[in-house]
Amino acid sequence: MSSLSTSIPNYYYFNADSFLREVSELLLGRAKVVFSALGDSSVDLRLDGQIDRYLQLGANDRFGLILVANSSIDELKRGANADVLFSFPAANNNNPYTRISQQGTIQRVAWEDTRGGDGDFNDLGVEILIEQAPNIIGTEQQGSNEVIDLRSFTGKKTCDIQITGDAYYSNTVGLYIVDDVDGKINGLSIGDAGYVAAALNRAIVSGKKGDSLLVQVDGGTILNSFVVANSSVASVLAKTTSTDAVFFGNTVVGNADKADHVSLLGDNKFGFEDLWGGGDRDFNDVVLQIAVRP
(Lines give C-alpha, C1' and ligand atoms only; values in the text may rest on other atoms or scores of the structure.)
Protein backbone atom coordinates (compact mmCIF):
# COMPACT_ATOMS: atom_id res chain seq x y z
CA MET A 1 0.00 0.00 0.00
CA SER A 2 1.37 3.43 -0.80
CA SER A 3 0.36 7.07 -0.55
CA LEU A 4 0.67 9.88 -3.06
CA SER A 5 -1.52 12.30 -1.16
CA THR A 6 -0.75 15.87 -0.22
CA SER A 7 -3.34 15.72 2.57
CA ILE A 8 -3.28 13.26 5.45
CA PRO A 9 -6.07 10.74 4.88
CA ASN A 10 -7.13 8.07 7.34
CA TYR A 11 -8.27 4.86 5.71
CA TYR A 12 -10.87 2.49 7.22
CA TYR A 13 -13.01 -0.51 6.32
CA PHE A 14 -16.47 -1.47 7.59
CA ASN A 15 -19.05 -4.23 7.23
CA ALA A 16 -21.25 -3.65 4.18
CA ASP A 17 -24.10 -6.15 4.69
CA SER A 18 -26.59 -3.35 5.26
CA PHE A 19 -24.78 -0.38 3.82
CA LEU A 20 -27.13 2.51 4.55
CA ARG A 21 -27.46 1.44 8.17
CA GLU A 22 -23.70 1.04 8.45
CA VAL A 23 -23.09 4.58 7.24
CA SER A 24 -24.90 6.00 10.27
CA GLU A 25 -23.21 3.52 12.61
CA LEU A 26 -19.76 4.16 11.18
CA LEU A 27 -19.05 7.11 13.45
CA LEU A 28 -20.15 5.04 16.45
CA GLY A 29 -17.14 2.82 16.16
CA ARG A 30 -17.94 0.19 13.55
CA ALA A 31 -15.04 1.21 11.31
CA LYS A 32 -11.61 -0.32 11.80
CA VAL A 33 -8.46 1.56 10.93
CA VAL A 34 -6.39 0.25 8.03
CA PHE A 35 -3.74 2.97 8.05
CA SER A 36 -3.05 6.69 7.95
CA ALA A 37 -0.93 8.05 5.11
CA LEU A 38 1.65 10.79 5.22
CA GLY A 39 1.98 13.41 2.48
CA ASP A 40 4.12 13.42 -0.65
CA SER A 41 7.02 15.62 0.39
CA SER A 42 10.50 14.11 0.16
CA VAL A 43 10.58 13.84 3.95
CA ASP A 44 7.21 12.10 4.10
CA LEU A 45 8.15 9.65 1.36
CA ARG A 46 11.34 8.81 3.21
CA LEU A 47 9.51 8.25 6.49
CA ASP A 48 6.46 6.59 4.95
CA GLY A 49 7.70 4.55 2.03
CA GLN A 50 5.71 1.45 1.33
CA ILE A 51 2.95 0.97 3.90
CA ASP A 52 2.07 -2.65 4.61
CA ARG A 53 -1.00 -3.56 6.63
CA TYR A 54 -2.38 -7.07 6.98
CA LEU A 55 -6.06 -7.66 7.80
CA GLN A 56 -7.65 -10.99 8.70
CA LEU A 57 -11.04 -11.33 6.98
CA GLY A 58 -13.36 -14.30 6.64
CA ALA A 59 -13.83 -16.05 3.30
CA ASN A 60 -17.40 -14.72 3.01
CA ASP A 61 -16.80 -11.27 4.47
CA ARG A 62 -17.80 -8.22 2.48
CA PHE A 63 -16.29 -4.86 3.27
CA GLY A 64 -16.44 -1.29 2.07
CA LEU A 65 -13.76 1.38 2.29
CA ILE A 66 -13.84 4.88 3.70
CA LEU A 67 -11.38 7.74 3.53
CA VAL A 68 -11.37 10.53 6.13
CA ALA A 69 -9.35 13.46 4.81
CA ASN A 70 -7.12 15.33 7.26
CA SER A 71 -8.95 13.97 10.29
CA SER A 72 -9.99 10.73 11.98
CA ILE A 73 -13.07 8.92 13.21
CA ASP A 74 -12.16 9.84 16.80
CA GLU A 75 -12.11 13.54 15.94
CA LEU A 76 -15.33 13.29 13.91
CA LYS A 77 -17.05 11.90 16.99
CA ARG A 78 -16.02 15.05 18.83
CA GLY A 79 -17.45 17.38 16.18
CA ALA A 80 -14.55 17.87 13.76
CA ASN A 81 -15.38 18.73 10.15
CA ALA A 82 -13.78 16.65 7.41
CA ASP A 83 -14.50 15.13 4.03
CA VAL A 84 -15.74 11.57 4.61
CA LEU A 85 -15.67 9.61 1.36
CA PHE A 86 -16.89 6.08 0.68
CA SER A 87 -15.86 3.55 -1.93
CA PHE A 88 -19.56 3.19 -2.84
CA PRO A 89 -20.73 6.12 -5.04
CA ALA A 90 -24.29 5.74 -3.68
CA ALA A 91 -23.04 6.93 -0.29
CA ASN A 92 -21.49 10.02 -1.87
CA ASN A 93 -24.65 11.28 -3.61
CA ASN A 94 -23.59 9.14 -6.59
CA ASN A 95 -20.26 10.96 -6.86
CA PRO A 96 -17.39 8.49 -7.38
CA TYR A 97 -14.25 9.14 -5.37
CA THR A 98 -12.51 5.89 -6.28
CA ARG A 99 -11.35 4.17 -9.43
CA ILE A 100 -10.88 0.44 -9.02
CA SER A 101 -8.85 -1.74 -11.36
CA GLN A 102 -7.74 -5.35 -11.32
CA GLN A 103 -4.40 -6.79 -12.38
CA GLY A 104 -4.12 -10.48 -11.73
CA THR A 105 -4.72 -11.04 -8.02
CA ILE A 106 -4.07 -7.40 -7.13
CA GLN A 107 -6.94 -4.91 -6.82
CA ARG A 108 -5.92 -1.28 -7.08
CA VAL A 109 -8.01 1.51 -5.55
CA ALA A 110 -7.19 5.08 -6.61
CA TRP A 111 -8.76 7.82 -4.51
CA GLU A 112 -9.77 11.43 -4.97
CA ASP A 113 -9.60 12.80 -1.43
CA THR A 114 -11.55 16.07 -1.73
CA ARG A 115 -15.16 16.79 -2.61
CA GLY A 116 -15.09 18.91 -5.76
CA GLY A 117 -11.40 18.09 -6.19
CA ASP A 118 -9.39 17.98 -9.40
CA GLY A 119 -10.58 14.50 -10.35
CA ASP A 120 -7.09 13.13 -10.97
CA PHE A 121 -7.59 10.15 -8.64
CA ASN A 122 -3.94 10.18 -7.57
CA ASP A 123 -4.33 11.47 -3.99
CA LEU A 124 -4.09 8.00 -2.45
CA GLY A 125 -3.22 4.71 -4.09
CA VAL A 126 -3.98 1.39 -2.41
CA GLU A 127 -3.23 -2.14 -3.54
CA ILE A 128 -5.25 -5.00 -2.04
CA LEU A 129 -3.86 -8.51 -2.32
CA ILE A 130 -5.29 -11.70 -0.83
CA GLU A 131 -2.40 -13.77 0.47
CA GLN A 132 -1.11 -15.69 3.43
CA ALA A 133 -0.24 -13.02 5.99
CA PRO A 134 3.16 -13.10 7.69
CA ASN A 135 3.34 -13.55 11.43
CA ILE A 136 3.44 -9.93 12.60
CA ILE A 137 3.22 -9.93 16.39
CA GLY A 138 1.28 -7.33 18.36
CA THR A 139 -1.15 -5.96 15.75
CA GLU A 140 -4.41 -7.62 16.84
CA GLN A 141 -5.96 -4.47 18.32
CA GLN A 142 -4.59 -1.91 15.86
CA GLY A 143 -7.84 -1.57 13.93
CA SER A 144 -9.22 0.15 17.03
CA ASN A 145 -6.31 1.16 19.26
CA GLU A 146 -2.71 2.15 18.59
CA VAL A 147 -1.32 -0.47 20.97
CA ILE A 148 1.03 -3.45 20.89
CA ASP A 149 -0.94 -6.47 22.13
CA LEU A 150 1.21 -9.29 23.56
CA ARG A 151 -1.48 -10.97 25.66
CA SER A 152 -1.37 -14.23 23.70
CA PHE A 153 2.33 -14.74 24.40
CA THR A 154 4.34 -15.92 27.39
CA GLY A 155 7.95 -15.38 28.32
CA LYS A 156 10.06 -12.50 27.05
CA LYS A 157 9.59 -10.88 23.65
CA THR A 158 12.34 -8.79 22.08
CA CYS A 159 11.31 -5.54 20.38
CA ASP A 160 13.46 -3.75 17.79
CA ILE A 161 12.53 -0.05 17.80
CA GLN A 162 13.43 2.58 15.22
CA ILE A 163 12.65 6.27 15.78
CA THR A 164 12.66 8.71 12.87
CA GLY A 165 10.91 12.02 12.22
CA ASP A 166 10.98 15.54 10.87
CA ALA A 167 10.33 17.79 13.86
CA TYR A 168 12.06 20.94 15.05
CA TYR A 169 11.19 19.97 18.62
CA SER A 170 13.34 17.59 20.63
CA ASN A 171 10.57 15.06 21.19
CA THR A 172 10.57 11.89 23.26
CA VAL A 173 8.45 8.91 22.24
CA GLY A 174 8.00 5.62 24.00
CA LEU A 175 5.89 2.71 25.13
CA TYR A 176 4.31 2.03 28.51
CA ILE A 177 2.42 -0.94 29.98
CA VAL A 178 -1.35 -0.64 30.44
CA ASP A 179 -3.92 -2.92 32.04
CA ASP A 180 -6.34 -3.15 29.10
CA VAL A 181 -6.78 -2.04 25.49
CA ASP A 182 -8.48 1.17 26.69
CA GLY A 183 -5.27 2.21 28.42
CA LYS A 184 -6.30 1.95 32.07
CA ILE A 185 -3.62 1.90 34.77
CA ASN A 186 -4.62 0.76 38.26
CA GLY A 187 -8.16 2.03 37.69
CA LEU A 188 -7.06 5.35 36.15
CA SER A 189 -8.41 6.11 32.68
CA ILE A 190 -6.62 8.17 30.08
CA GLY A 191 -7.35 11.82 30.90
CA ASP A 192 -7.81 11.24 34.65
CA ALA A 193 -5.79 13.26 37.14
CA GLY A 194 -2.56 11.44 37.83
CA TYR A 195 -2.66 9.37 34.65
CA VAL A 196 0.33 11.03 32.98
CA ALA A 197 2.62 10.29 35.93
CA ALA A 198 1.28 6.73 36.17
CA ALA A 199 1.89 6.19 32.45
CA LEU A 200 5.41 7.55 32.44
CA ASN A 201 6.31 5.57 35.55
CA ARG A 202 5.32 2.48 33.58
CA ALA A 203 7.35 3.41 30.51
CA ILE A 204 9.52 0.49 29.42
CA VAL A 205 11.38 2.39 26.72
CA SER A 206 11.70 5.94 25.45
CA GLY A 207 13.94 7.67 22.97
CA LYS A 208 14.41 10.45 20.44
CA LYS A 209 14.70 10.82 16.68
CA GLY A 210 17.57 8.78 15.31
CA ASP A 211 17.56 6.20 18.09
CA SER A 212 17.64 2.46 17.43
CA LEU A 213 16.61 0.63 20.56
CA LEU A 214 16.30 -2.96 21.72
CA VAL A 215 14.04 -3.85 24.64
CA GLN A 216 12.67 -7.02 26.17
CA VAL A 217 9.00 -7.07 27.13
CA ASP A 218 7.03 -9.60 29.17
CA GLY A 219 4.47 -11.59 27.25
CA GLY A 220 0.89 -11.12 28.41
CA THR A 221 1.17 -7.32 28.37
CA ILE A 222 -0.32 -4.47 26.35
CA LEU A 223 1.84 -1.51 25.35
CA ASN A 224 0.50 1.98 24.73
CA SER A 225 2.44 4.66 22.84
CA PHE A 226 3.06 8.29 23.79
CA VAL A 227 4.95 11.41 22.78
CA VAL A 228 6.45 13.99 25.14
CA ALA A 229 6.71 17.11 22.99
CA ASN A 230 9.94 19.08 23.26
CA SER A 231 10.75 17.59 26.63
CA SER A 232 11.71 14.36 28.37
CA VAL A 233 10.09 11.76 30.58
CA ALA A 234 12.28 12.83 33.50
CA SER A 235 11.29 16.51 33.13
CA VAL A 236 7.58 15.70 33.12
CA LEU A 237 7.88 13.44 36.16
CA ALA A 238 9.92 16.12 37.94
CA LYS A 239 7.15 18.62 37.06
CA THR A 240 9.60 21.03 35.48
CA THR A 241 7.23 21.32 32.49
CA SER A 242 3.45 21.42 32.11
CA THR A 243 2.24 17.85 31.56
CA ASP A 244 -0.91 19.06 29.78
CA ALA A 245 1.22 20.90 27.25
CA VAL A 246 3.73 18.16 26.46
CA PHE A 247 2.28 14.65 27.04
CA PHE A 248 0.07 13.28 24.27
CA GLY A 249 -1.32 9.76 24.07
CA ASN A 250 -3.30 7.76 21.55
CA THR A 251 -6.85 8.89 22.38
CA VAL A 252 -8.54 12.18 21.54
CA VAL A 253 -10.55 12.23 24.76
CA GLY A 254 -7.44 11.62 26.87
CA ASN A 255 -5.39 14.48 25.46
CA ALA A 256 -5.75 17.83 27.18
CA ASP A 257 -6.29 19.60 23.84
CA LYS A 258 -8.84 16.95 22.66
CA ALA A 259 -6.92 16.43 19.41
CA ASP A 260 -5.45 13.39 17.70
CA HIS A 261 -1.70 13.08 18.18
CA VAL A 262 -1.05 9.45 17.15
CA SER A 263 -1.85 7.81 13.81
CA LEU A 264 -1.36 4.25 12.67
CA LEU A 265 0.99 4.31 9.65
CA GLY A 266 1.15 0.54 9.19
CA ASP A 267 1.57 -2.62 11.24
CA ASN A 268 3.28 -1.60 14.51
CA LYS A 269 4.16 1.78 13.00
CA PHE A 270 2.93 4.99 14.63
CA GLY A 271 3.23 8.61 13.55
CA PHE A 272 3.04 11.47 16.07
CA GLU A 273 1.95 15.10 15.92
CA ASP A 274 3.82 17.17 18.52
CA LEU A 275 1.99 20.53 18.45
CA TRP A 276 -0.88 21.58 20.72
CA GLY A 277 -4.28 21.36 19.02
CA GLY A 278 -3.05 18.95 16.37
CA GLY A 279 -0.61 21.42 14.83
CA ASP A 280 -0.09 21.02 11.09
CA ARG A 281 -1.55 17.48 11.23
CA ASP A 282 1.32 15.95 9.29
CA PHE A 283 1.95 13.15 11.83
CA ASN A 284 5.57 12.97 10.73
CA ASP A 285 7.10 14.79 13.69
CA VAL A 286 8.14 11.45 15.16
CA VAL A 287 7.65 8.01 13.62
CA LEU A 288 7.93 4.97 15.88
CA GLN A 289 8.42 1.56 14.24
CA ILE A 290 8.35 -1.59 16.39
CA ALA A 291 9.28 -5.08 15.23
CA VAL A 292 8.47 -7.80 17.75
CA ARG A 293 10.69 -10.82 17.23
CA PRO A 294 8.96 -14.24 17.11
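This passage describes the overall make-up of a predicted model, a run of paired strands and the surroundings of one buried glutamate. Local features were considered only at pLDDT of at least 70 and side-chain atom pairs only at pLDDT 80 or more, whereas totals for chains, interfaces and linings use all residues. Residues are numbered from 1 along each chain as its sequence is written, and side-chain values use heavy atoms, without hydrogens and water.

The chain contains 6 helices and 18 strands, taken as DSSP runs numbered from the N terminus (helices: H or I, at least four residues; strands: E, at least two). Of its 294 residues, 48% are buried (under 20% relative accessible area, 1.4 Å probe, protein chains only). Among contacts (heavy atoms within 4.5 Å) between residues at least 6 apart in sequence, 64% join residues at least 24 apart.

Strand S7 (residues 106-111) pairs in the antiparallel sense with S6 (residues 98-103) over 6 bridges and with S8 (residues 124-129), also antiparallel, over 6 bridges; pairing requires at least two DSSP bridges. Ser 101 has Arg 108 of S7 as its bridge partner, and Trp 111 stands opposite Leu 124 in S8. The S6 and S7 hairpin has 2 residues between the strands, and Gly 104 adopts a positive phi near 65°.

Glu 273 lies in the loop between S17 (269-272) and S18 (286-292). Glu 273 is buried but has no salt bridge (a side-chain nitrogen of Lys or Arg within 4 Å of a carboxyl oxygen of Asp or Glu). The nearest side chain of opposite charge, that of Arg 281, is 7.4 Å away. The side chain of Glu 273 instead reaches the backbone nitrogen of Leu 275 at 3.2 Å, and a polar atom of this side chain lies 3.3 Å from the backbone nitrogen of Arg 281. Beyond four places in sequence, the residues in contact with Glu 273 include Val 227, Phe 248 and His 261.

Technical notes: Buried < 20%, exposed > 50% of the residue type's maximum accessible area, 1.4 Å probe, protein only. Lys, Arg positive; Asp, Glu negative; His and termini not counted. Polar contact = N/O pair within 3.5 Å; in protein donor to acceptor, adjacent residues only side chain to side chain.
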